[in-house]
Amino acid sequence: QVQLVESGGGLVQAGGSLRLSCAASGSIFSINSMAWYRQAPGKQRELVAGMVSGGSPNYADSVKGRFTISRDSAKNTVFLQMNSLKPEDTAIYYCNVVARTLGATRSSWGQGTQVTVSS
């Protein structure tokens, strides 16, 4: 199994910055992809940013130029640097990791971290 632990959410004023972290642990042979999703109240979960191992990052149009996804491969950790935050970025943010484990490739989700941007 793969365990994901997220951190870094909080309350910030519009225009501010936050950095989210998600550390993966467990019986991981390799990681296929790492991504961040978010879900605002009353809305569906949406992809914010993702990166396939060996590929280029992709971003939702609403966060391009403001958010940056990065990865520390040695620590199986993915980050989301969020700058110029807007009230509409308020949501619960979830990391997702697709990893090859003992016997199977698994998609795992973090517990979610709240990001609140005040106007």
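Start by selecting Arg71: this residue is partly exposed, with a relative accessible area of 26%. Here buried means under 20% relative accessible area, exposed means over 50%, and partly exposed is in between, using a 1.4 Å probe and protein chains only. Arg71 sits in strand β7. Strands (E, at least two residues) and helices (H or I, at least four) are DSSP runs, numbered from the N terminus.

Before going on, a word on what is loaded: this is a predicted model, in which local features need pLDDT of at least 70 and side-chain atom pairs count only at pLDDT 80 or more, while totals for chains, interfaces and linings use all residues. Residues are numbered from 1 along each chain as its sequence is written, and side-chain values use heavy atoms, with hydrogens and water left out.

**Around Arg71**

Keep Arg71 selected and show its contacts, where contact means heavy atoms within 4.5 Å. Setting aside neighbours within four places in sequence, you will find Ile31, Met34, Met51, Ser53, Thr77 and Val78 in contact with Arg71. Now add Ser56: its C-alpha lies 12 Å from that of Arg71, and the two are 15 residues apart in sequence.

**Over to Ser33**

Which strand holds Ser33? Select strand β4, residues 28-39, and you have Ser33 with it. Ser33 is buried, at 17% relative accessible area. Beyond its neighbours within four places in sequence, Ser33 is in contact with Met51, Val52, Ser53, Asn96, Val97 and Val98. Two of the names you lit up for Arg71, Met51 and Ser53, are in both contact lists. Next, draw a C-alpha to C-alpha distance from Ser33 to Ser107: the label should read 9.2 Å, for a pair 74 residues apart in sequence.

**The disulfide**

Show the cysteine side chains next. How many disulfides does a search of the whole structure find? There is 1, a disulfide being counted when a pair of cysteine sulfur atoms lies within 2.5 Å. In chemical terms, a disulfide is a covalent bond between the sulfur atoms of two cysteines. This one links Cys22 and Cys95, with an S to S distance of 2.0 Å. Check the dihedral too: it is 45° about the S-S bond, and the link of Cys22 and Cys95 is right-handed. Colour strand β3 (residues 18-26), which holds Cys22, and strand β9 (residues 91-101), which holds Cys95; the pair therefore ties together parts that are 73 residues apart in sequence. Are these cysteines buried or exposed? Cys22 is buried at 0% relative accessibility, and Cys95 is also buried, at 0%.

**Strand β10**

Select residues 104-109, which form strand β10 and include Ala104. Ala104 is partly exposed, at 27% relative accessible area. For a long line across the view, join the C-alpha atoms of Ala104 and Ile69: they are separated by 26 Å, with their positions 35 residues apart along the chain.

Staying in strand β10, pick Arg106. Arg106 is partly exposed, with a relative accessible area of 37%. Leaving out residues up to four places away in sequence, Arg106 touches Val97, Val98, Ala99 and Thr101. Add Val2 to the view as well: the C-alpha atoms of Val2 and Arg106 are separated by 7.9 Å, although these residues are 104 apart along the chain.

**Two loops with a positive phi**

Now a stop for the backbone angles. Asn76 has a positive phi of about 50°, although it is not a glycine. Look for Asn76 in the loop between β7 (67-72) and β8 (77-82). Ser84 is not a glycine either, and has a positive phi of about 50°. Ser84 is in the loop between β8 and β9, and is partly exposed at 40% relative accessibility.

**Zooming out**

Clear the selection and switch to a cartoon of the whole protein. How many helices and strands are there? The protein has 0 helices and 11 strands. The radius of gyration, taken over C-alpha atoms, is 14 Å, close to the 14 Å that the globule rule (2.2 Å times the number of residues to the power 0.38) gives for 119 residues, so the protein is as compact as a globular protein of that length. Along the principal axes, the C-alpha atoms fill a box of roughly 45 × 25 × 25 Å.

Colour by burial to finish: buried residues make up 41% of the 119 residues. Of the contacts between residues at least 6 apart in sequence, 55% join residues at least 24 apart.
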